[in-house]
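Subject: Structure handover

Hello,

Here is the structure I promised you. Please open it alongside this email. My notes follow below.

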Amino acid sequence: MYIPKHNQEKRVAVMQALMVSHPLATLVTLGAQGLFASHIPMVFDQDGSEFGVLKGHISRANTQWRDFTPAVDALAIFAGHQHYVSPTWYSEKGEHVKEVPTWNYAVVHAYAPLKVIEDRQWLLAHVNRLTNIHESGFPVPWRVSDAPEDFIASLLKGIVGLELPIQRLEGKWKVSQNRSETERQGVIDGLTRLNTPESLAMKDLVEERGK
C-alpha cells in the first residue's frame, strides 16, 4: 500500500484496535485463477506473538479455501472510518481557488500465511466466540446454544475455518495531517456541521491526529 510518511501509522496496538472495531475484512488471496476476495468478519486474537492472529470462516462452497497459493501471504484489509472532504471546508469560499475534493480514511492491511481448518471443535469454538462478541451489546444476547444442536452440527459441515498468524501490518490514517492548522479546523467544522455518525467519527480522527 502506498503510504506517505505523514499518513503512516506504526503503532501496533492502534492498528489492532481498528481490526477489532471494524472486523469485516476483505480477504485477498492469489490462486490458479488469479486474485480472489471474500468479505468475512474476523476475530482478532492476541496470542503472544508480535502482531496477533486472525480467525474467520467461509462457506465450504467458496473455492477460496482450496484455490490459494500457500507460498504467497494472504492479505486481510480492514477499513475504518472514512468520509468525503469538500475543498470549501479549508477556508472561506473564494479565498483559495487551487483546492480539490479528497477522501479521508483509516485502513489496516494484515499480511499472513493462510491456514485452513476443518476441525469441528475449532469451528464450534470460533462460531461461539464470533457470535458472543457481536451479540454482547443486545439486551438479551442470542447464543449458538439457542439453536437446535443438530441444526448447528449441519451448519458446521458447510463451513471451513481460516487462521492467519499476522506477519506484517500496515496502517494508513489519511485524516488531513498534511493540511495547516487552519485548514484542519475547517475540515473539523465542516464534518461537525454535517452531524452524522460517520462525519463525527472522522472529526474525532482529524482532531486526534492534529494534536
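First, a term you will need: contact means heavy atoms within 4.5 Å. Keep in mind that this is a predicted model.

Start with helix 1, residues 12–21. Helix 1 lies across strands 1, 6, 7 and 10, at about 80° to strand 10. Helix 5 (residues 197–209) also packs on the sheet. Helix 5 touches strand 1, strand 6, strand 7 and strand 10, and its direction makes about 100° with that of strand 6.

Now the sheet. It is open, has six strands in the order 1-10-7-6-2-3, and pairs antiparallel. Strand 1 (8–9) and strand 3 (34–41) stand at the edges. Each has a single partner strand, so one side of each lacks a neighbour in the sheet. Strands 7 (residues 102–112) and 10 (residues 168–174) share seven antiparallel bridges. In one of them, tyrosine 105 is the bridge partner of lysine 174 in strand 10.

Next, the interior. The largest nonpolar core has 37 residues. Met19, Met42, Leu54, Phe78 and Leu164 have the most contacts inside it. Apart from that core lies another, of nine residues, including Ile117 and Ile159.

Last, the rings. How many aromatic pairs does a search of the whole structure find? One. Tyrosine 84 and tryptophan 103 meet edge-to-face, 5.7 Å centre to centre, with 70° between the planes. Tyrosine 84 is in strand 6 and tryptophan 103 in strand 7, 19 residues apart. Elsewhere, the charged end of arginine 168 sits over the ring of tyrosine 111, 3.8 Å from its centre. Arginine 179 lies over the face of tyrosine 90, at 3.7 Å from the ring centre.

Best wishes

Notes
Residues numbered from 1 in each chain as written. Predicted model: local features only at pLDDT ≥ 70, side-chain atom pairs only at ≥ 80, totals over all residues. Heavy atoms only, no water. Pairing = 2+ DSSP bridges. Helix = DSSP H or I, 4+ residues; strand = E, 2+ residues; numbered from the N terminus. Axes fitted to C-alpha atoms, helices over the stretch in contact; angles between N-to-C directions. Core = buried A, V, L, I, M, F, W, Y, C linked by side-chain atoms within 4.5 Å. Buried < 20%, exposed > 50% of the residue type's maximum accessible area, 1.4 Å probe, protein only. Phe/Tyr/Trp six-rings, centres within 6.5 Å; stacked < 30°, edge-to-face > 60°. Lys NZ or Arg CZ within 6 Å of the ring centre and 35° of its normal.
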